[in-house]
Amino acid sequence: MVVLTGAGVSAESGIPTFRDALSGLWARFDPEDLATPEAFERDPRLVTEWYDQRRQNCMRVKPNRAHVALARLQREMNAAGRAFRLLTQNVDRLHQAAGSCDVVELHGSIMEWRCVSCGESRERREPSLAPYPSRCGCGGLLRPDVVWFGEVLPESAVRLACLALEQCDLFISVGTSAVVYPVAGFAHLAKSASARTLEINLEPTPISATVDWLVLGQAGCRLPTLLQAAMGGEPW
Ligand code: BV8
């Protein structure tokens, strides 16, 4: 079993989805304005401020029922000797906070920051990375260790994801708009490997016509209900 998650899984924890993250103060920007190497080059102060504010929000919130259900699903699948892999586009590390292991972070993590001068990369849990632009102890500029538009995904993450997709017999996509490549193509990859495919989302997406089952609703509600029906046991 392979589960792919997007920002919709973290929405009920209080993390704006990627496209909602550009509402309010940031509404006048679009992803290309902030989540690209060019934007960082052009205005490192603006970009590091936006990412640090998102990082701070990630440290304030807790995993929701969808994260908890996916962590339990992994435990139950492993206990039954079945293969399970969780792939996420999310950069918030809430899956790990809920107890999921070996999570494949396809787009990196907003909790990890890298110095563009000395290359030091580590998790940053301090309250703030101000003053902006955020700087390393060596004086170099810090950037979030996420994959920006126009950047390639981590080779190890892509390799693990492709291996899992080639071998899976059930692929579940939860809370992603399925518009960002190459991850948006994963449902097709699973299907071409003869896996059955299921999507959970608030609304249809470009993969909805491809999947075998589309379940509309909130991930924090639909996922536990589905797993209760499929796996039984204690309420999910
Ligand atoms: C690459 C990290 C090679 C940063 C992110 C033309 C065609 C095809 C591809 C391209 C193209 N032009 C350019 C490209 C490539 C580009 C791309 O796909 N662009 C798109 C916009 C067309 N991709 C790339 O650049 C990738 N790299 O291809 O490298 C290359 C190199 C050079 C040149 C070309 C190619 C890198 C992409 C990674 C970008 N980084 N994140 C950060 O977080 O700031 S992507 C960002 O959007 C998110 O991280 C996430 O991964 C992605 C998708 O967002 P979602 O997670 O789906 O969130 P979204 O808000 O969109 O949707 C939320 C969904 O949840 C909605 O459907 C909503 O209904 C649902 N929902 C909400 N609440 C709930 C819910 N569902 C259930 N329950 C709820 N409660």
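Where is A178 found? A178 sits in the loop between β7 and α8. I start there since that loop comes up twice in this talk. A word on the source: what you have in front of you is a predicted model.

Let me stay with A178 for a moment. Its phi is positive, about 55°, although A178 is not a glycine. As a general point, most residues other than glycine have a negative phi, and most peptide bonds are trans. Is A178 buried or exposed? A178 has a relative accessibility of 8%, and so it counts as buried.

The loop that holds A178 also holds P182. The loop runs between β7, residues 170–174, and α8, residues 186–192. Y181 and P182 are joined by a cis peptide bond, with omega about 0°.

Which other residues does a cis peptide bond join? Y132 and P133 are joined in this way, and omega is about 0° there too. P133 belongs to the loop between β5, residues 121–123, and β6, residues 142–146.

Back to positive phi. R93 is not a glycine, and its phi is near 65°. You can find R93 in the loop between β2, residues 85–88, and α6, residues 94–98. The relative accessible area of R93 is 19%, and R93 is buried. The cut-off for buried is under 20%.

Next, the sheet. In what order do the strands of the open sheet stand? The order is β5-β4-β6, with 3 strands and antiparallel pairing. β5 and β6 are at the edges and have a single partner strand each, so one side of each has no neighbour in the sheet. From one strand to the next, the twist averages 40°.

Now the pairing of β4 with β6. Strand β4 covers residues 108–115, and its antiparallel pairing with β6 is made over 5 bridges. One residue to look for is W113, whose bridge partner in β6 is P144. A helix also lies across these two strands: α4, residues 44–60, lies across β4 and β6. Helix α4 runs at about 130° to β4.

On to the cysteines. How many disulfides does a search of the whole structure find? The search finds 0. A disulfide would need two cysteine sulfur atoms within 2.5 Å. Take C58: the closest cysteine sulfur to its own is in C101, 20 Å away, which is too far for a bond. C58 is also buried, with a relative accessibility of 9%.

Then take C168. Why does its sulfur form no bond with the one in C162? The sulfur in C162 is the closest cysteine sulfur to that of C168, but the two are 11 Å apart, too far for a bond. C168 counts as buried as well, at 6% relative accessibility.

Last, a pocket. The second largest pocket holds about 260 Å³ of space. It is lined by 14 residues, and the closest to its centre are M1, A83, F84, A164 and Q167. Which helix gives the most to the lining of this second largest pocket? That is α7, residues 155–167, with 4 residues.

To go over the main points once more: A178 and R93 have positive phi values. Cis peptide bonds join Y132 to P133 and Y181 to P182. The open sheet has the order β5-β4-β6, with helix α4 lying across β4 and β6. The search for disulfides gives 0.

Conventions. Residues numbered from 1 in each chain as written. Predicted model: local features only at pLDDT ≥ 70, side-chain atom pairs only at ≥ 80, totals over all residues. Heavy atoms only, no water. Buried < 20%, exposed > 50% of the residue type's maximum accessible area, 1.4 Å probe, protein only. Pairing = 2+ DSSP bridges. Axes fitted to C-alpha atoms, helices over the stretch in contact; angles between N-to-C directions. Contact = heavy atoms within 4.5 Å. 1 Å grid on protein atoms, 1.4 Å probe; cavity = no way out; pocket = protein on both sides within 12 Å on 5 of 7 lines; lining within 4 Å. Points joined across faces, edges and corners; volume = space filled by probe spheres on them.
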